[in-house]
Structure formats: structure tokens, C-alpha cells
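This report covers internal cavities, one loop serine and the cysteines of a single model. The sequence and the structure come first.

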Amino acid sequence: MGLFSFTQEIAMDLGTANTIITTNGKIVVDEPSMVALDRRTDKMIAVGEKAKLMHEKTHENIRTIRPLRDGVIADFYACEQMIRGLIKMVNNRNRLFSPSLRMVIGVPSGSTEVELRAVRDSAEHAGGRDVYLIFEPMAAAIGIGIDVEAPEGNMIVDIGGGSTEITVISLGGIVSNNSIRIAGDDLTADIQEYMSRQHNVKVSERMAERIKINVGAALTELGEDAPEDYIVHGPNRITALPMEVPVCYQEVAHCLEKSISKIETAILSALENTPPELYADIVHNGIYLAGGGALLRGLDKRLTDKINIPFHIAEDPLHAVAKGTGVALKNVDRFSFLMR
């Protein structure tokens, strides 16, 4: 990567909650998918972590935006600005010319043609010359280390921020795919609503996310792995006086029950549509959990007990898609059948 390198290869996992960029097999950017814009000029003020620190703390001249909702682009201009800002973080070394970019981007497998077009356009506007799209479950499978070209069935459940993708992969293709718009963001919203209803305390989206990270669980009995109660500070919904509420993981498990049941139902319906030969492979190999949602305490055990097939959490669930996208970028010719 000298002063005169004209093509730079980057792989991007464009997520609802976090965007991860890898280049040369190393993760160089791992930032929240958020951008702060000036309301009057629409200029970008901050991107990633800096924008997240401003979220829910802005005045009328600044707006913070999460450009992706449910895994797809909700605000085209903001998304383009965010991609530009994040690519700048990669290219902060001195160069005479900004290089032309060859990009592979992970997209949800349930995306429509219009949604794929929006991602491609955003990337091209942000400086991408060759833009390839790869479906996230396929990228996650490559990142976990599964041989996607083998003639055997593997099932990946990728629980992201905006969507949960349940995909059966065999011979380098997607055999059956079930994508539901219930994922991390919905769990955060459930916690917000529960705190308001049960404890009469107003909590922000960021506080609800912290509760989820600290005491989030899918089972009411975690045994020795149980986290300590998390203290939540916030205003009383009725009197506006400050409150301090300890929250335990059992409560959170109860309030997430509905959403997790929907994910269970979606996994069962994906298994229903799987051809018997592949079904046998999946029972033998187990089902892989990837994405941030895989970190929810007790989720693998709960799903294993419910569905009677072993669930394995990927080694690094948050970065599985990003790693796979990076491998696909290095072998674009070999994996050309996976690219859009």
C-alpha cells in the first residue's frame, strides 16, 4: 500500500447496529452504524462511536441517524455519508491519490432487488469502483470456517441488530432461507417497554441496550453463569423524580420471551422446509449461531432444549460475517457464484 497504489480492497459488513470493515484480513474499523449530520447544511459532523456518544443528547442543529433499519437502508443520503466517513478511517494514511475501491459488502439474504440496488448505489457514490454483494448468512458460514462448497447441509442462524436470518446452505448456495425482522433492536425495544410498564421508569434506547448487554438472558435459570443485578437510573414516568431500579436477569428473560419465541418458530419453520437429506446433515452437524444476538446468555441452551438439535455459538459471533466477507474478497474469483 504505497503512495501510488490505485486499487484498495475492502470488505464491509454493513449492519444495522455495527459496521465492520476488514482489509488484508484484518479488522480495521468496527464502529456503530450511526452518523451525526448538521441539520442546516446536511454536512457530516461525526460517524461511528463519536456519533453514538451524541445519540439522544443532541440539540436542534444536530441530528443523529441510524441509516439502516431492519437490515436495510432507511436513509440513503445518511448511509452514503456514513460509508464515506468509515472508509476515510481506513484511508487515514497520507496518499497522493485516493485509491479506487474494490468492495465486497454483506447484505441480508431477505433483501429485495430494490434494497440490493440501494446498497450498491450507496457504495458506488462513496467511491467503490467494483462493488460485490454477498449474502450475510453465506459470509457468516465462511467466517465460521464451514466448507460452503461441500455437498452437505449446514444451518446458520444469524441474529443481527435488525433482522434474524435462518439459512440452510449446501453446495455453495442457499437452499432455504427464512428472514424475519425480529432481532437485537426488538429485544432492546422490549426492555424499554418493560421498564416503563413494570417499574414506571423512563429509559433511553442506549440504556435499554446496556441492560441487554449486562443482564440480558434467554433463560430464567442460568445457574453459575448468572450475572449480577444491573442498577438502572432514570426519571419516574409519573412524578419525574429520579429513580434507582435494580434489574435482574430473570426479569429480562421474561420480557424477551415473546421475541425469542418468534425466533424459535422461524427456526422450526425453516427446518420444516428443508429437504430430508440436508435435514439429516443439520442434525448431525448442529446449527450455528452468529451475530450479536448469539451472545444472549442461555440462548444456545434454550434452543437446543426446544429443538433437540445441538446449537453452537460461533467462535467470534460479532465478527463472523466480517471475517467471511474478507475471505470472499480475497477469493472473489473462486466465490464468484456467491456474489451478486
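A residue is called buried when its relative accessible area is under 20%. The model is a predicted one.

**A loop serine**

Ser 33 has a relative accessibility of 1%, so Ser 33 counts as buried. Its place is in the loop between β3 (26-32) and β4 (35-38). The side chain of Ser 33 reaches the backbone oxygen of Gly 15 at 2.7 Å. Gly 15 also appears among the residues in contact with Ser 33 once neighbours within four places in sequence are left aside. The others in that set are Thr 16, Ala 17, Asn 18, Thr 19, Ile 65, Arg 66, Pro 67 and Met 82.

**Cavities**

The structure holds two cavities of 30 Å³ or more. The table gives the volume and the lining classes of each.

| Cavity | Volume | Lining by class |
|---|---|---|
| Largest cavity | about 50 Å³ | seven nonpolar, three polar and one charged residues |
| Second largest cavity | about 30 Å³ | six nonpolar, one polar and no charged residues |

The lining of the largest cavity includes Leu 14, Leu 68, Gly 71, Val 72 and Ile 73. Gly 106, Val 107, Pro 108, Ser 111, Glu 115 and Val 119 also line the largest cavity. At least two residues of this lining come from each of β8 (72-73), β9 (100-107) and α3 (113-125).

Which residues line the second largest cavity? They are Ile 159, Leu 187, Ile 260, Ile 263, Gly 293, Leu 296 and Leu 299. No charged residue is found in this lining, whereas the lining of the largest cavity has one.

**Cysteines**

How many disulfides does the model contain? The count comes to zero. Cys 255 is in no disulfide, and the nearest cysteine sulfur, that of Cys 248, is 10 Å away. A disulfide would need the pair of sulfur atoms within 2.5 Å, which is why this pair does not qualify.

Is Cys 255 buried or exposed? Its relative accessibility is 14%, and therefore Cys 255 counts as buried. Cys 79 also counts as buried, because its relative accessibility is 0%.

Methods
Residues are numbered from 1 along each chain as its sequence is written. This is a predicted model: local features need pLDDT of at least 70, side-chain atom pairs count only at pLDDT 80 or more; totals for chains, interfaces and linings use all residues. Side-chain values use heavy atoms; hydrogens and water are left out. On a 1 Å grid over the protein atoms alone, a cavity is a set of points where a 1.4 Å probe fits but cannot get out, and a pocket is an open set with protein on both sides within 12 Å along at least five of seven lines; lining residues have an atom within 4 Å of a point. Grid points are joined across faces, edges and corners, and a volume is the space filled by probe spheres set on the points. Helices (H or I, at least four residues) and strands (E, at least two) are DSSP runs, numbered from the N terminus. Ala, Val, Leu, Ile, Met, Phe, Trp, Tyr, Cys and Pro count as nonpolar, Asp, Glu, Lys and Arg as charged, and the others, Gly among them, as polar. Buried means under 20% relative accessible area, exposed over 50%, partly exposed in between (1.4 Å probe, protein chains only). A polar contact is a pair of N or O atoms within 3.5 Å; within protein, one must be able to donate a hydrogen and the other to accept it, and residues adjacent in sequence count only if both atoms are side-chain atoms. Contact means heavy atoms within 4.5 Å.
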